[in-house]
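Please open the structure in your viewer and keep the sequence beside it. The tour below moves from the whole chain to single side chains.

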Amino acid sequence: MKRRSRTEIDFTANVPDQVAAWLDEAAFTLAALPASGLRPAGARSGWPDIVRDLEELGWIDSDDMPPPPSADEISRMDQALSWLQLFSPSERPYRTVINLRLIVHPISGMHRWNWRKIASKMGIDYKTAQSWHKIGIELISKKIRQPAFFSPQTPQNAVSAVI
């Protein structure tokens, strides 16, 4: 995985390709985050342990985990994952497909949900799932290109007075 030092999207280049690359990096970063020690030391749970799928059993208890991600990688992951909130309720299928593709194996980097599994889960053809993923990436690209998206200093309801 190529490490990126930029923290912004370059709007002069192909934005959908950059959004897809950021989401791929976010998936790898998410997979590399440590999952143990998330509760305070004294906290206990009465719930039973999670029953895992057979596909997960091979790597969950493995010592071959990737190194923990850096703070910059986590910041980029947070930014990329925040883009998923931009989908409207009518665009939910695109968000679902993108979310399922964000689950990757931490060592091999293989997607946990291939196109055929996504299609089976959603009751669609795998080509439709691929198409929805591409459309979702393009929708994110269009929404983050809006000037108001990257200008947090400007209030959303600001009205300029003409003198």
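Begin with a cartoon view of the whole chain, which contains 6 helices and 0 strands. Following the chain from the N terminus, one meets the order α-α-α-α-α-α. Helices (H or I, at least four residues) and strands (E, at least two) are DSSP runs, numbered from the N terminus. The model is predicted: local features need pLDDT of at least 70, side-chain atom pairs count only at pLDDT 80 or more, and totals for chains, interfaces and linings use all residues. Residues are numbered from 1 along each chain as its sequence is written, and side-chain values use heavy atoms, with hydrogens and water left out.

Next, display the surface. About 11500 Å² of the chain is exposed, and carbon and sulfur atoms supply 55% of this area (Shrake-Rupley method, 1.4 Å probe). Of the 163 residues, 28% are buried, meaning under 20% relative accessible area with a 1.4 Å probe, protein chains only.

Now select the aromatic residues. How many aromatic pairs does a search of the whole structure find? The search finds 2, where rings of Phe, Tyr and Trp (its six-membered ring) pair if their centres lie within 6.5 Å. Select Tyr94 and Trp132: their ring centres are 6.1 Å apart and their planes stand at 90°, so the pair is edge-to-face (over 60 degrees). Tyr94 belongs to helix α4 (residues 92-101) and Trp132 to helix α6 (residues 126-144), so this pair links parts of the chain 38 residues apart.

Finally, select Arg101 and Trp115. Arg101 lies over the face of Trp115, 4.1 Å from the ring centre; for Arg, this requires CZ within 6 Å of the ring centre and within 35 degrees of the ring normal. Then move to Arg116, which lies over the face of Tyr126 at 3.9 Å from the ring centre.

Key
Buried means under 20% relative accessible area, exposed over 50%, partly exposed in between (1.4 Å probe, protein chains only). Rings of Phe, Tyr and Trp (its six-membered ring) pair if their centres lie within 6.5 Å; planes under 30 degrees apart count as stacked, over 60 as edge-to-face and the rest as tilted.
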